[in-house]
Amino acid sequence: MGYLTTHFRVVGALLVREMATRFGSKPGGYVWALLDPAAHILLMTVIFRAIARAPALGTSFALFFATGYIAFQFYQAMTGYLNAAVKANKALLSYPNVAPIDTIVARFILQMGTTSLVAFIVLGTIVASMRVDTDIHWPSILEAIGLACLFGLGVAMVNCVLFLKYPLYEQVFGIVNRPLFLISGVFFLPDSIPAPYRDLVLINPLVHIVMGFRQGFYPEYRAVGLNMNYVYGIAFLTLFAGMLIFTLSRKTLRNE
C-alpha cells in the first residue's frame, strides 16, 4: 500500500512536470497541440479535394481524413513521446523513489489525454459543421483508441530499452516507422485495394485500428477484412513483451 501511494505521488509530480515542460514553455501552450493536427487535416483536405470529386467514404473530405489521421495519431504520437520517457528523465532516476516505469506512466496519461482532447475538439468541430446528421458509434471508437494506445505503449516500452542498448536500432526504427503513415489506411480504404496486395496491407495492425475507428463515424462502412481479434492479439503480445523487457532491464534503465 505504501509503495502504491508513493508511486501515485511520483507519477502525479512527473505529470505536472511534463505538462509544464511540454506546453508551458511555448507561447500558446496547448493551442499548438490542437493546431498541428488541424493543419495536417486541412492540408490533406485541400489537396485531395483538388484531385478527386468525392472522398472514399461519405461526403466530407475533412471527416474522412480526420478519422484516419487522428486514429493513427493515437499510436504514432504515443510511441514518439514515450520512446524518450526514460532518457528525458534520467536525472530524476537518481532519486530512489522514482522508478523508470513512473516516467512511462506519466507520459502515457499525458499523451492519451492530449490526443483525446484534440480528437474531441477537431472531430466535434467537423461533425458539427456538417449539414447531415452523423450517427456516431462510440464502442467502435473507444475500442480503436484503446488498442492504439496499448499497442503504442508496448512498442515504446521495448524501444526505451533497445534505444539505450543499441543506438543504431533507434535509427533503424525511425526509418521503418516513418512510412507507416502512408500505408496505414489514412488516405485510402484497404477494401479498395485488389488482392493479393490487400492481404499484405492488412498485416499492418494499424490498418485495422483506422478501419475500426472509421466504423464509429460511418455506420454504413462494411470494412471488409477488419479483424479486431488480430489487433487484440498483436497489442497485448507487444505490451507483454514490452513489460517483460522493461522489467528485466530496470537496472540498465536506471544506471546507463
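1. Buried means under 20% relative accessible area, exposed means over 50%, and partly exposed is in between. That scale places Glu 170: at 31% relative accessibility, Glu 170 counts as partly exposed. The model discussed in this note is predicted.

2. Start with the charged pairs. The structure holds 2 salt bridges. Glu 170 belongs to one of them, where its side chain meets that of Lys 87, at 3.7 Å from N to O. This pair links distant parts of the chain. Lys 87 sits in helix α4 (residues 85–88), and Glu 170 sits in helix α7 (residues 167–177). The two residues are 83 residues apart. Lys 87 counts as partly exposed, because its relative accessibility is 45%.

3. The other pair to inspect is Arg 107 with Glu 18. Their closest N and O atoms are 3.1 Å apart, and they form a salt bridge. Arg 107 lies in helix α5, while Glu 18 lies in helix α1 (residues 2–24), so the pair ties together parts 89 residues apart in sequence. Are these two residues buried or exposed? Both Arg 107 and Glu 18 are buried.

4. Now the cysteines. How many disulfides does a search of the whole structure find? The count is 0. A disulfide is a covalent bond between the sulfur atoms of two cysteines. For Cys 149, the closest cysteine sulfur is in Cys 160, 16 Å away, which is too far for a bond. The cut-off for a disulfide is 2.5 Å between the sulfur atoms. Seen from the other side, Cys 160 is in no disulfide, and its nearest cysteine sulfur is that of Cys 149. Cys 149 is buried, at a relative accessible area of 2%. Cys 160 is buried as well, with a value of 2%.

5. Next, the interior. The largest nonpolar core has 76 residues. Which residues have the most contacts inside it? They are Ile 70 and Phe 213. Neighbours within four places in sequence aside, Ile 70 is in contact with Ile 41, Ala 119, Val 122, Leu 123 and Phe 213. Ile 70 and Phe 213 are thus in contact with each other.

6. The surface has a nonpolar patch. Met 19, Tyr 30, Leu 117, Phe 120 and Ile 121 make up this patch of about 460 Å². Which helix gives the most to the patch? Helix α5 (residues 100–129) does, with 3 residues. Ile 121 lies in helix α5. Ile 121 counts as partly exposed, because its relative accessibility is 34%. Helix α5 also holds Arg 107, the salt-bridge partner from point 3.

7. Two further residues deserve a look. Gln 73 is found in helix α3 (residues 61–82). Gln 73 counts as buried, because its relative accessible area is 18%. Not counting residues up to four places away in sequence, Gln 73 touches Met 78 and Thr 115.

8. Ile 193 sits outside the helices, in the loop between α8 (180–183) and α9 (197–201). Is Ile 193 buried or exposed? Ile 193 counts as buried, because its relative accessibility is 16%. With residues up to four places away in sequence left out, Ile 193 touches Phe 188, Arg 198 and Val 201.

Terms used
Residues are numbered from 1 along each chain as its sequence is written. This is a predicted model: local features need pLDDT of at least 70, side-chain atom pairs count only at pLDDT 80 or more; totals for chains, interfaces and linings use all residues. Side-chain values use heavy atoms; hydrogens and water are left out. Patches are made of residues with over 30% relative accessible area and no salt bridge: like charges are joined within 9 Å, nonpolar side chains (Val, Leu, Ile, Met, Phe, Trp, Tyr) within 5 Å. Accessible areas come from the Shrake-Rupley method with a 1.4 Å probe; for residues, only the protein chains shown count as cover. A salt bridge is a side-chain nitrogen of Lys or Arg within 4 Å of a carboxyl oxygen of Asp or Glu. Helices (H or I, at least four residues) and strands (E, at least two) are DSSP runs, numbered from the N terminus. Buried means under 20% relative accessible area, exposed over 50%, partly exposed in between (1.4 Å probe, protein chains only). A nonpolar core is a set of buried Ala, Val, Leu, Ile, Met, Phe, Trp, Tyr and Cys residues joined through side-chain atoms within 4.5 Å. Contact means heavy atoms within 4.5 Å.
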